[in-house]
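Subject: Handover of the structure

Dear colleague,

Please find below the structure that I am passing on to you. I should be grateful if you would read the notes that come after it with the structure open beside them.

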Amino acid sequence: MASPQATEPTDVERDELQRDLETLRGELRDAIEGSEQDARPVELDQPAVGRVSRIDAIQQQKMLEANRNAQRARLAQVHAALDRFAEDEYGDCVACGETIGFARLKARPESLYCIACQSAREKR
Ligand SMILES: [Zn+2]
C-alpha cells in the first residue's frame with residue numbers, strides 16, 4: 001500500500017508521467033475527433049424513424065455531446081499539466097503548493113490539485 005504521505009515523484013517517475021500525459025493527449029484528441037465525426041444531426045422529420053427511436057437518437061446525441069465536453073475539459077487539463085512541466089511546477093498542487101504524489105498522478109496524470117484541495121472543490 002502507498003503511504004498516505006505524498007512523496008515528490010523521482011525524475012524517472014516524472015518522465016513516466018510526462019509520457020503518460022502525452023499519450024493521454026493523443027488519445028483524447030483522437031476520441032474527440034472520432035466523436036465529432038459521429039455527431040450528425042438527428043433527422044427529425046424522417047417518417048421511417050419512430051417516435052421512441054427518435055427520442056433514443058436525441059438522447060444518444062446528448063450523451064455523446066456530454067461525453068465530448070468531458071473529454072475536451074480533460075484535454076484542457078492535460079495541456080495545463082504539460083505546461084506545468086515546462087515551468088517545472090508539475091506535481092505541485094496549484095491551490096496549496098503541496099506535492100500531489102506519484103500514486104495519484106499515475107492514476108490521473110492531469111491532476112492539478114492534491115486530494116485535499118480536489119475534494120474541497122468537489123464539495124462546493
Ligand atoms: Zn492542495
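The notes below describe what was found, beginning with the chain as a whole and moving on to particular helices and residues.

Please bear in mind that this is a predicted model.

Overall organisation

The chain contains 4 helices and 0 strands, and its elements, read from the N terminus, follow the order α-α-α-α. The chain has 124 residues, of which 14% are buried. When contacts between residues at least 6 apart in sequence are considered, 65% of them connect residues that are at least 24 apart.

Helices H1 and H2

Helix H1 covers residues 11-38, which is 28 residues. At 1.5 Å a residue, a span of 40 Å is expected for H1, and its end C-alpha atoms lie 41 Å apart, so the two values agree. Helix H2 takes in residues 51-86. H2 has 36 residues and extends 53 Å from its first C-alpha to its last, close to the expected 52 Å.

Three residues of H1 are buried, namely Leu 17, Leu 21 and Leu 28. The buried residues of H1 pack against two elements, helix H2 and helix H3, the latter formed by residues 102-107.

How are H1 and H2 placed relative to each other? Their axes are 9 Å apart, and the two helices pack at an angle of about 155°. Angles over 145 degrees count as roughly antiparallel, and H1 is therefore roughly antiparallel to H2. The crossing of H1 past H2 is left-handed. On the H1 side, the residues that make the contact are Gln 18, Leu 21, Leu 24, Arg 25, Leu 28, Arg 29, Ala 31, Ile 32, Ser 35 and Asp 38. On the H2 side, they are Leu 64, Asn 67, Arg 68, Gln 71, Arg 72, Arg 74, Leu 75, Val 78, Ala 81, Leu 82 and Phe 85. By type, the residues of this contact comprise 11 nonpolar, 4 polar and 6 charged.

Two residues within these helices

Leu 64 belongs to helix H2 and is one of the residues in the contact with H1. Leu 64 counts as partly exposed because it has 14 C-beta neighbours inside 10 Å. Its C-alpha atom is 9.0 Å from that of Glu 36, although the two residues are 28 apart along the chain.

Asp 20 is located in helix H1. Asp 20 has 18 other C-beta atoms within 10 Å, and so it is partly exposed. Between Asp 20 and Ala 107 there are 9.9 Å in space, C-alpha to C-alpha, and the two are 87 residues apart in sequence.

Two residues in loops

Which residue after H2 has a positive phi? It is Asp 88, with a phi near 60°. Asp 88 sits in the loop between H2 and H3, and it is a residue other than glycine. In general, most residues other than glycine have a negative phi. Asp 88 counts as exposed, because 9 C-beta neighbours lie inside 10 Å.

Ser 111 lies in the loop between H3 and helix H4, the latter formed by residues 115-123. Is Ser 111 buried or exposed? Ser 111 has 22 C-beta neighbours inside 10 Å, and it therefore counts as buried. Leaving aside residues up to four places away in sequence, Ser 111 touches Ile 100, Arg 104 and Leu 105. Ser 111 and Cys 93 are 18 residues apart in sequence, and their C-alpha atoms are 8.3 Å apart in space.

With kind regards

Notes:
Residues numbered from 1 in each chain as written. Predicted model: local features only at pLDDT ≥ 70, side-chain atom pairs only at ≥ 80, totals over all residues. Expected span 1.5 Å × (residues − 1). Buried ≥ 20, exposed ≤ 12 C-beta atoms within 10 Å, placed from the backbone. Contact = placed C-beta atoms within 7 Å. Axes fitted to C-alpha atoms, helices over the stretch in contact; angles between N-to-C directions. Parallel < 35°, antiparallel > 145°, perpendicular 65-115°, else oblique. Left-handed = near helix turned anticlockwise from the far one by under 90°. Nonpolar A, V, L, I, M, F, W, Y, C, P; charged D, E, K, R; others polar.
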